Number of protein chains: 2
Amino acid sequence: MVTEQSAADRPTKQRGRPRSFDRDTALEQAIRTFWERGYEATSVADLTRAMGIGPPSLYAAFGDKRSLFDEVVVEYAARYGSFSTRAFEQELTARAAVERMLREAATEYTDPGHPRGCLIISAATNCATPEVEEALRVKRGQNIAAFESRIRADVASGELPADADAEALARFSGAVLQGMSQQARDGASREELERVAGLAMLAWPQA
Amino acid sequence: MVTEQSAADRPTKQRGRPRSFDRDTALEQAIRTFWERGYEATSVADLTRAMGIGPPSLYAAFGDKRSLFDEVVVEYAARYGSFSTRAFEQELTARAAVERMLREAATEYTDPGHPRGCLIISAATNCATPEVEEALRVKRGQNIAAFESRIRADVASGELPADADAEALARFSGAVLQGMSQQARDGASREELERVAGLAMLAWPQA
DNA sequence: GCGATTTTCTAGTGCCCGCTATAGAATTCA
DNA sequence: TGAATTCTATAGCGGGCACTAGAAAATCGC
């Protein structure tokens with residue numbers, strides 16, 4: 001139908017029985033559950049328990065497990081992964097941006113207020129559903145590509161030496177971030193991860 | 001029974017129908033499968049297909065899925081993870097050992113002759129069986145602890161400066177190794193990983 | 001109140017999971 | 001040869017998986 005309305009601009013008064021749960025807080029609980037256990041190891045029963053709703057409500061509000069996870073990834077990036085893009089928007093140099101990103105990652109990845117590490121890094125490793133694994137793989141690749149273009153700009157502007165290897169610095173930064181995520185899930189403290197971040201910055205050209 | 005014989009020193013002529021497959025090559029196929037897909041995403045059906053045997057043969061020869069995985073981890077470490085311990089045994093300094101380990105990891109993790117990355121790093125992330133996840137977590141921790149004690153020895157001997165942070169250098173090295181494993185699984189080439197390893201070594205004290 | 005509409009609850013569906021009972025096949029010892 | 005022993009193949013066990021049919025419940029416009 002062309003006359004369909006999206007959920008966003010639907011009038012406040014809708015017909016039929018109103019939904020008995022808040023969609024957004026239910027989504028937040030889904031984020032936490034996938035974040036903690038990963039896509040494959042999280043069952044729909046785990047989700048309905050955490051979200052406090054029955055299976056039919058979940059399927060009506062979010063579609064199947066796969067599309068719920070897609071939405072979870074988008075919301076996770078907006079709610080918990082924004083520190084990285086913010087660092088790149090607000091810092092003046094690629095080096096300062098990466099340093100800030102790694103240092104804030106040390107804090108975020110060990111925040112006791114939510115599961116440890118990064119959902120995009122860890123939630124779909126060894127996933128029996130290849131499309132889900134591939135989706136997060138692509139997101140990780142996009143992040144590293146963003147690092148690289150930012151570093152390349154600083155090489156072009158002379159902020160970084162002309163012989164700096166932008167591709168390698170970007171991949172190295174991504175690898176350290178991923179290592180920090182696993183270290184966080186393995187129990188490392190914020191201070192320990194901050195020292196890892198500090199060491200990683202020594203790899204940058206000491207202009 | 002006290003008179004039982006272990007499989008190792010059992011006489012060559014044993015009674016009963018002989019096993020129709022080679023236990024060691026079957027184990028190798030199990031290693032490859034768990035390495036590729038991880039513990040949880042690998043079904044017993046996947047294993048029997050890869051190993052070329054029926055379920056009863058698998059259970060008779062290796063016990064259940066869990067104990068097969070335990071054996072796989074031990075054999076994986078011996079067959080594919082030995083480059084790390086070898087570097088630490090043969091190199092004269094902690095720094096040279098870590099450098100060699102990281103550079104050889106770049107080669108091993110991208111070897112086209114077997115699955116990418118490191119089984120101990122990636123095969124039990126997001127695992128619904130907590131004991132399996134914990135077992136590999138412990139192994140990773142032991143590796144980093146081994147790095148640390150080796151670095152600490154070089155600090156004590158004066159090979160490294162007295163203010164070098166052994167604990168941080170060890171954790172950093174482990175994080176880079178873990179990041180390289182994920183990068184390898186995400187498609188990075190050997191050369192790309194070698195540049196990551198090269199950058200990581202710049203974090204060491206430039207005595 | 002009444003029909004229309006939407007959500008919720010209960011109770012499943014079929015499928016694949018790890019695992020095994022049973023029967024038959026292949027070997028050794030006497 | 002025959003008994004004992006050990007392995008293999010088939011077939012299926014109970015259980016949890018993602019997912020849904022169907023009826024009851026809660027709101028709407030009128």
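A helix axis here is a line fitted to C-alpha atoms over the stretch in contact, and angles run from 0 to 180 degrees between N-to-C directions. Keep that in mind for the first stop. Remember too that this is a predicted model.

**Stop 1: two helices in chain B**

Select residues 23–37 of chain B, helix H1, and residues 65–79 of chain B, helix H4. Their axes are 9 Å apart, and the helices pack at an angle of about 90°. Angles of 65 to 115 degrees count as roughly perpendicular. H1(B) and H4(B) are therefore roughly perpendicular to each other.

Now show side chains. On the H1(B) side of the contact, look for residues including Leu27(B), Ile31(B), Phe34(B) and Trp35(B). On the H4(B) side, pick out Leu68(B), Phe69(B), Val72(B) and Tyr76(B), among others. Charged residues take part as well: among them are Arg23(B) and Asp24(B) from H1(B), with Lys65(B) and Glu71(B) from H4(B). By class, this contact has 9 nonpolar and 7 charged residues, and no polar ones.

**Stop 2: DNA strand C**

Select DNA strand C and the protein around it. Strand C is surrounded by 23 residues. Which come closest? They are Arg15(A), Gly16(A), Ser20(A), Ser57(A) and Val44(B). Of the strand C atoms within 4 Å of the protein, 72% belong to sugar and phosphate.

Zoom in on three contacts:

- Ser20(A): a polar backbone atom is 2.7 Å from a phosphate oxygen of strand C.
- Lys65(B): a polar backbone atom is 3.0 Å from a phosphate oxygen of strand C.
- Arg17(B): an N or O atom of the side chain is 3.3 Å from a base nitrogen of strand C.

Next, color the helices. H3 of chain A and H3 of chain B each give two or more residues to the surface near strand C. H3(B) gives the most, with 3 residues. The surface has 8 nonpolar, 7 polar and 8 charged residues.

**Stop 3: DNA strand D**

Move to DNA strand D. Of the 23 residues around strand D, the nearest are Val44(A), Arg15(B), Gly16(B), Ser20(B) and Ser57(B). Sugar and phosphate make up 75% of the strand D atoms within 4 Å of the protein.

Zoom in on phosphate oxygens of strand D:

- Ser20(B): a polar backbone atom is 2.7 Å away from one.
- Ser57(B): a polar side-chain atom is 2.8 Å away from one.
- Tyr59(A): a side-chain N or O atom is 3.0 Å away from one.

Finish with helix H3 (55–62) of chain A and helix H3 (55–62) of chain B. Each supplies at least two residues of the surface near strand D. The largest share, 3 residues, comes from H3(A).

Note on methods:
Residues numbered from 1 in each chain as written. Chains lettered and ligands numbered in written order. Predicted model: local features only at pLDDT ≥ 70, side-chain atom pairs only at ≥ 80, totals over all residues. Heavy atoms only, no water. Near = heavy atom within 4 Å. Polar contact = N/O pair within 3.5 Å; in protein donor to acceptor, adjacent residues only side chain to side chain. Helix = DSSP H or I, 4+ residues; strand = E, 2+ residues; numbered from the N terminus. Parallel < 35°, antiparallel > 145°, perpendicular 65-115°, else oblique. Contact = heavy atoms within 4.5 Å.
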